[in-house]
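This report describes helix packing, one kinked helix and a few individual residues. The chain under discussion is shown below.

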Amino acid sequence: MTMIALIVPLVWLAWLILTEWVPMFPLNDLESSTVRERALLALANYPFPLLIAAGVALHERWSLVTATVLVVLTLVGHIVSWWLPYFGISFRAQREAYEREFLRTLKILPTEGHDVVIDVQHMVVGALTLVMLGTTLAVTLTG
């Protein structure tokens with residue numbers, strides 16, 4: 001399980017890098033953001049999976065607990081960024097960013113009546129985050 005818990009954050013990171021830098025419309029819409037904006041987001045997001053993987057790799061009690069906390073923070077960020085807005089709890093800035101960056105991306109959830117709808121690209125991020133939480137927790141609780 002440790003090896004899986006080590007690999008999942010790296011897969012999560014690879015997915016982010018792929019979808020944030022390689023044009024694959026309609027899965028993503030890179031025309032709506034500048035390289036500088038994407039680089040700033042990368043600086044904010046990319047350290048998380050690297051630190052989680054490092055915490056699992058060290059396999060010390062403190063590093064596993066830290067990795068688990070980071071995964072929980074990642075999940076909370078995902079929920080606040082996508083699921084709360086989908087159910088109507090959002091800020092104007094979130095709605096404006098959504099309209100600018102994700103309005104044209106591929107979605108499978110109903111869009112009618114929703115200001116923000118999570119797209120497939122970010123549904124994959126959410127699924128990988130849940131797997132990352134499960135594997136990291138498993139290693140932490142058994143480690």
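In this predicted model, the axes of H1 and H3 cross at roughly 170° and come within 8 Å. Because angles over 145 degrees count as roughly antiparallel, H1 is roughly antiparallel to H3. On the H1 side, the contact is made by Thr2, Ala5, Leu6, Pro9, Leu10, Trp12 and Leu13. Their partners in H3 are Pro49, Leu50, Ile52, Ala53, Val56 and Ala57. Divided by character, the residues of this contact of H1 with H3 are 12 nonpolar, one polar and no charged.

H3 also packs with helix H2, which covers residues 35–45. Here the angle is about 25° and the axes are 5 Å apart. Since angles under 35 degrees count as roughly parallel, H2 is roughly parallel to H3. Ala42, Leu43, Ala44 and Asn45 in H2 meet Pro47, Phe48 and Pro49 in H3. The residues of the contact of H2 with H3 comprise six nonpolar, one polar and no charged. Pro49 is listed in the contact of H3 with H2 and also in the contact of H3 with H1.

The two helix pairs are set out here.

| Pair | Angle | Axes | Contact residues |
|---|---|---|---|
| H1 and H3 | roughly 170° | within 8 Å | 12 nonpolar, one polar, no charged |
| H2 and H3 | about 25° | 5 Å apart | six nonpolar, one polar, no charged |

Helix H4 spans residues 61–86 and has 26 residues. From its first C-alpha to its last, H4 reaches 37 Å, close to the 38 Å expected at 1.5 Å a residue. A kink of about 40° is nevertheless present in H4, centred on Ile79. After H4 comes Gly88, with a positive phi near 95°.

Which residues of H4 are buried? They are Ser63, Leu64, Ala67, Thr68, Leu70, Val71, Thr74, Leu75, His78, Trp82, Pro85 and Tyr86. An α-helix has 3.6 residues a turn, so residues three or four places apart point the same way. The buried residues of H4 pack against helix H1 (2–21), helix H3 (47–58), helix H5 (92–101) and helix H6 (120–142).

One of the buried residues of H4 is Thr68. Its relative accessible area is 12%, and because buried means under 20%, Thr68 counts as buried. Leaving aside neighbours within four places in sequence, Thr68 is in contact with Thr136, Leu137 and Thr140. The C-alpha atoms of Thr68 and Gln94 are separated by 27 Å, and the two residues lie 26 places apart along the chain.

Helix H6 contains Gln121. With a relative accessible area of 4%, Gln121 is buried. Not counting residues up to four places away in sequence, Gln121 touches Trp15, Thr19, Leu27 and Asn28.

Two loops hold backbone features of note. In the loop between H1 and H2 lies Pro26, which is joined to Phe25 by a cis peptide bond with omega of about 15°. In the loop between H3 and H4 lies His59. Phi of His59 is near 55°, a positive value in a residue other than glycine. Is His59 buried, partly exposed or exposed? Its relative accessible area is 33%, so His59 is partly exposed.

Key. Residues numbered from 1 in each chain as written. Predicted model: local features only at pLDDT ≥ 70, side-chain atom pairs only at ≥ 80, totals over all residues. Heavy atoms only, no water. Helix = DSSP H or I, 4+ residues; strand = E, 2+ residues; numbered from the N terminus. Expected span 1.5 Å × (residues − 1). Bend = angle between axes of the 7 residues up to and from the residue. Buried < 20%, exposed > 50% of the residue type's maximum accessible area, 1.4 Å probe, protein only. Contact = heavy atoms within 4.5 Å. Axes fitted to C-alpha atoms, helices over the stretch in contact; angles between N-to-C directions. Parallel < 35°, antiparallel > 145°, perpendicular 65-115°, else oblique. Nonpolar A, V, L, I, M, F, W, Y, C, P; charged D, E, K, R; others polar.
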